[in-house]
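Me: Got a minute to go through this one with me? I'll put it up here.

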2 protein chains.
Amino acid sequence: MDVDTRLLRYFTAVAEEGTLTRAAERLFVSQPALTKQIKQLEALLGVRLFTRSRAGMTLTEPGRALAARVPELLAGWDRTWREARSAAARESRVLRVGFLASAANEATQDIVAAFTRRRPGWRAEMRQASWGNPTAGLADGSVDVALLRVPFPGQRELRVEVLFAEERWVALPASHRLAEREPIPFRELWDEPFVAAPAESGRWRDWWLAADERDGRPVRVGAVTDQPDEWLSAIANGYGVALAPASAARFYARPGVVYRPVSGVSDTRVGVAWTPADDADPVVQDFVRCCLEHATPS
Amino acid sequence: MDVDTRLLRYFTAVAEEGTLTRAAERLFVSQPALTKQIKQLEALLGVRLFTRSRAGMTLTEPGRALAARVPELLAGWDRTWREARSAAARESRVLRVGFLASAANEATQDIVAAFTRRRPGWRAEMRQASWGNPTAGLADGSVDVALLRVPFPGQRELRVEVLFAEERWVALPASHRLAEREPIPFRELWDEPFVAAPAESGRWRDWWLAADERDGRPVRVGAVTDQPDEWLSAIANGYGVALAPASAARFYARPGVVYRPVSGVSDTRVGVAWTPADDADPVVQDFVRCCLEHATPS
DNA sequence: CGACATCCATGCCATGAGGTTATAGATCCA
DNA sequence: TGGATCTATAACCTCATGGCATGGATGTCG
């Protein structure tokens, strides 16, 4: 009668992947653990949910019936969970602000200061997200509002106000042959290995590799990093170069890494994003207004 | 992110009861266990869901928000769970038939035999329920169809076809002063202690105490029992008398217990019940048809 | 035909979550 | 002040969960 939602997630994972082994990888558990859990679910319901074969796991008729219902249940729980968490933040007068790396750079402090003035008693809690989480936690409800570089994957489901644009420069190892050039035509970087964001970040990754501005040439990826420090190390160690907002030269200065202007790539734009559910939330809207009033290109 | 539905049930119980102690009783767990679980849920969400006081537990604002959503989630899971179980039964060609005590008495075997003829390959699995479960498992989806005495609590949400009526007699200790009388006017039993069903059975309990046919006189309860054997023992030991269908004289004969006709109480009627969700289920409908054709008053 | 790859299943072990009982702490009431 | 009525904490036990190693079935390829 009682189930853990984890068990249901396991079930849908197996149903979708079609094999225990692959589902186990996706869920970051061992395959025997999954075997046991699925068996338990079957015992609980008193049904065979899958037919086993060399090829993997295929849903039975009752299994299909279950698989049709479960995602909706999980989504329902996810919604109320998210709602409760944001209610919690509201209760303690905390606005959770996600950001990615240096998102709003110098403007950030002004925005936060303005917000604190407008909402005395409230606190803006800044949460840095890794690049593997390109909405900085908005998508999973762990923040109320986010400062991001647009475009980013998942943008469609969210509200975004663009704050300002900023040039994209390139970060190079200090010893690089182009380290003294200024500005560098992007064309000359086409064949360089690049330091990229992880695959999860999808479109966002491509945009920072300027995949659309290479005239169809393929990208060479020299390293994949998830965080600013790794990113800087990878560049300093010569694994590759990378595009970065101009402000990175100030926020992520490091021996062994130089930043140079680039010509021939489009600007990056910084935006503030929130979920449609918060369109009427006065605190979120206040924060957005503070962003629009106090964010200026650096 | 993951929760056990048990945790959610615990939460709603505390929210509804208003104190941990009472909720713990209702859930059949100890109060410290509940304390821990509620704390865990709060930790999980990062919210205080209740404010504690000497008087008990009161929902906070986030708690109320959660309490508003959770019952729907639980109901959703309950539906799919039930669906899966009945899919399982269908898959293995088992019709689960609940019944209470001697519900359809002699007719039962005829019904089952007719069903087996009509649906070769299928098996009717008979499940006796205790009196604390007056729908014999229909309400919680553990059976597909039930043979019951009407009226019973929860009848509104179910479909019922009445099969036949039967007189109510009284079961008396053999040594009882009225044990030789025949028939006994019900009026003479008004002041006798009665052996009753547990409180959970609600309306059903009252009906077997003939609470409506006592001219407003209060009922004296001499013992509470949950099962036929306990019931028989209670009567044989002289804790009280009890109304019973006439067929009980054949099905529940026991030394020390005598059955006598009673005048002045209404008949009992036997029905077959199923859930509206199964209105279109051919197997359930076949069973119902078998009941209508083969059930005759004994 | 035998070695290998690819599935799922099983056995054993360590860990942790959830339960129980006993008891402490707080607060109200007579 | 003593008792009644809440919740919280401590100590302990049990069992489910997950990890690792390994077995068994089956298909594939040299």
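Reply: Sure, let's take the ground rules, then the protein contact, then the DNA.

Me: What kind of model is it, and how are things numbered?

Reply: This is a predicted model, where local features need pLDDT of at least 70, side-chain atom pairs count only at pLDDT 80 or more, and totals for chains, interfaces and linings use all residues. Residues are numbered from 1 along each chain as its sequence is written, chains are lettered from A and ligands numbered from 1 in the order in which they are written, and side-chain values use heavy atoms, with hydrogens and water left out.

Me: OK. How many residues does each of chains A and B put into the contact?

Reply: Chain A puts in 27 residues and chain B puts in 27 residues, with contact meaning heavy atoms within 4.5 Å.

Me: And what area gets buried there?

Reply: About 2,800 Å² between chain B and chain A, with carbon and sulfur atoms giving 65% of that. Buried area here is the accessible area (1.4 Å probe) that two parts lose on being put together, summed over both.

Me: How many salt bridges between the two chains?

Reply: Four between chain B and chain A, taking a salt bridge as a side-chain nitrogen of Lys or Arg within 4 Å of a carboxyl oxygen of Asp or Glu. Glu83(B) and Arg69(A) form a salt bridge through their side chains, at 3.1 Å, N to O.

Me: Which elements of chain B touch chain A?

Reply: α1 (5–17), α3 (31–45) and α4 (61–91) of chain B each supply at least two residues to that side. The most comes from α4(B), with 15 residues. Helices (H or I, at least four residues) and strands (E, at least two) are DSSP runs, numbered from the N terminus.

Me: Switching to DNA. Which residues come nearest to strand C?

Reply: Of the 22 residues around DNA strand C, the nearest are Leu20(A), Thr21(A), Lys39(A), Ser30(B) and Gln40(B). Sugar and phosphate make up 67% of the strand C atoms that come within 4 Å of the protein. A residue is near a strand if one of its heavy atoms lies within 4 Å of it.

Me: What touches the bases of strand C?

Reply: Among them, an N or O atom in the side chain of Gln31(A) is 3.0 Å from a base nitrogen of DNA strand C, and a polar side-chain atom of Lys36(B) is 2.9 Å from a base oxygen of that strand. On the phosphate side, a backbone N or O atom of Ser30(B) sits 2.7 Å from a phosphate oxygen of strand C.

Me: Now strand D, which residues are closest?

Reply: 21 residues surround DNA strand D, and the closest are Ser30(A), Gln40(A), Leu20(B), Thr21(B) and Lys39(B). Here sugar and phosphate account for 71% of the strand D atoms within 4 Å of the protein.

Me: Any phosphate distances for strand D, and which element gives the most?

Reply: A backbone N or O atom of Leu20(B) is 2.5 Å from a phosphate oxygen of DNA strand D, and a polar side-chain atom of Thr21(B) is 2.5 Å from a phosphate oxygen of that strand. For Ser30(A), a backbone N or O atom lies 2.8 Å from a phosphate oxygen of strand D. α3(A) gives the most to the surface near DNA strand D, with five residues.

Me: Last one: what does UniProt place on chain A?

Reply: An unreviewed UniProt entry puts "domain: HTH lysR-type" at residues 3–60 of chain A. UniProt positions follow the numbering used here, feature names are shortened, and annotations may be inferred rather than shown by experiment. In the model, that 3–60 span of chain A is 62% helix and 14% strand, with its end C-alpha atoms 20 Å apart.

Note on methods
Polar contact = N/O pair within 3.5 Å; in protein donor to acceptor, adjacent residues only side chain to side chain.
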